[in-house]
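Subject: Handover of a structure and the findings from it

Dear colleague,

Please find below the sequence and structure that I am handing over to you. I would be grateful if you kept them open while reading the notes that follow.

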Amino acid sequence: MRIHHVALVVEDLEKAAQPYLRLGYTLEAQGRLEGLEVWMLKSGASRIELLQPIQPHTAAARFLRKRGPGLHHLALATPHLQTTLEHLAAQGAPLLEPSPRPGLGGPVAFIHPRWASGVLLELVETPE
């Protein structure tokens, strides 16, 4: 596996994107997912995902209210997400989703932070 992206919860996408755009990142994708406005910034193989809650009931909105803007999760790329989830479930990993769901760039699933020393992990299916 490799790191696919680092995700930040932000209050304002335009404002939050500026430092990264000045560093040479470009807007690779944008969209709305489950109460979030999402921007994916890319520079070479490096990606930063910006998450702006647009509905108050989302996990990201609760995160923002409790902790303020900042690092939300680390995403890892896998070529076969369902197989990876089955492997992790068999090892007792606390999956937040037993099956993939749609993400901005393809299927995704999350693993509870207690499994990775307090870090929320997202698995992203990416063709190799």
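Which residue in β3 stands opposite Thr26? The residue is Lys42. Before the other findings, please note that this is a predicted model.

The strands around β3

The pair Thr26 and Lys42 belongs to the pairing of β2 with β3, two strands that run antiparallel and are joined by 7 bridges. β2 covers residues 26-33, and β3 covers residues 36-43. Together they form a hairpin with 2 residues between them. In its turn, Glu34 has a positive phi of about 45°.

On to the next pairing: β3 is also joined to β4 (46-53), again in the antiparallel sense, by 8 bridges. Within this pairing, Trp39 has Leu50 of β4 opposite. β3 and β4 likewise make a hairpin with 2 residues between the strands, where Gly44 takes a positive phi near 60°.

Is β3 mostly covered or mostly open? It is mostly covered, as 6 of its 8 residues are buried.

The strands around β8

β8 spans residues 121-125. Of its 5 residues, 4 are buried, so β8 is largely enclosed by the rest of the structure. This strand takes part in two pairings of opposite sense. With β5 it runs parallel, over 5 bridges, and Ala77 has Val124 of β8 as its bridge partner. With β7 it pairs in the antiparallel sense over 4 bridges, and here Phe110 stands opposite Glu122 of β8.

The largest pocket

The largest pocket has a volume of about 850 Å³. It is lined by 40 residues, of which Leu51, His72, His73, Phe110 and Leu120 are the closest to its centre. Phe110 is therefore a residue to look at twice, as it is also the one opposite Glu122 in β8.

Which elements give two or more residues to the lining? They are β1, β2, β3, β4, α2, β5, β7 and β8. The largest share, 6 residues, comes from α2, a helix that covers residues 59-67. By type, the residues of the lining divide into 19 nonpolar, 10 polar and 11 charged.

To view these findings together, you might begin with β3 and its two hairpin partners, β2 and β4, and then turn to β8 with its partners β5 and β7. Each of these strands gives two or more residues to the lining of the largest pocket.

With kind regards

Notes:
Residues numbered from 1 in each chain as written. Predicted model: local features only at pLDDT ≥ 70, side-chain atom pairs only at ≥ 80, totals over all residues. Heavy atoms only, no water. 1 Å grid on protein atoms, 1.4 Å probe; cavity = no way out; pocket = protein on both sides within 12 Å on 5 of 7 lines; lining within 4 Å. Points joined across faces, edges and corners; volume = space filled by probe spheres on them. Nonpolar A, V, L, I, M, F, W, Y, C, P; charged D, E, K, R; others polar. Buried < 20%, exposed > 50% of the residue type's maximum accessible area, 1.4 Å probe, protein only. Pairing = 2+ DSSP bridges.
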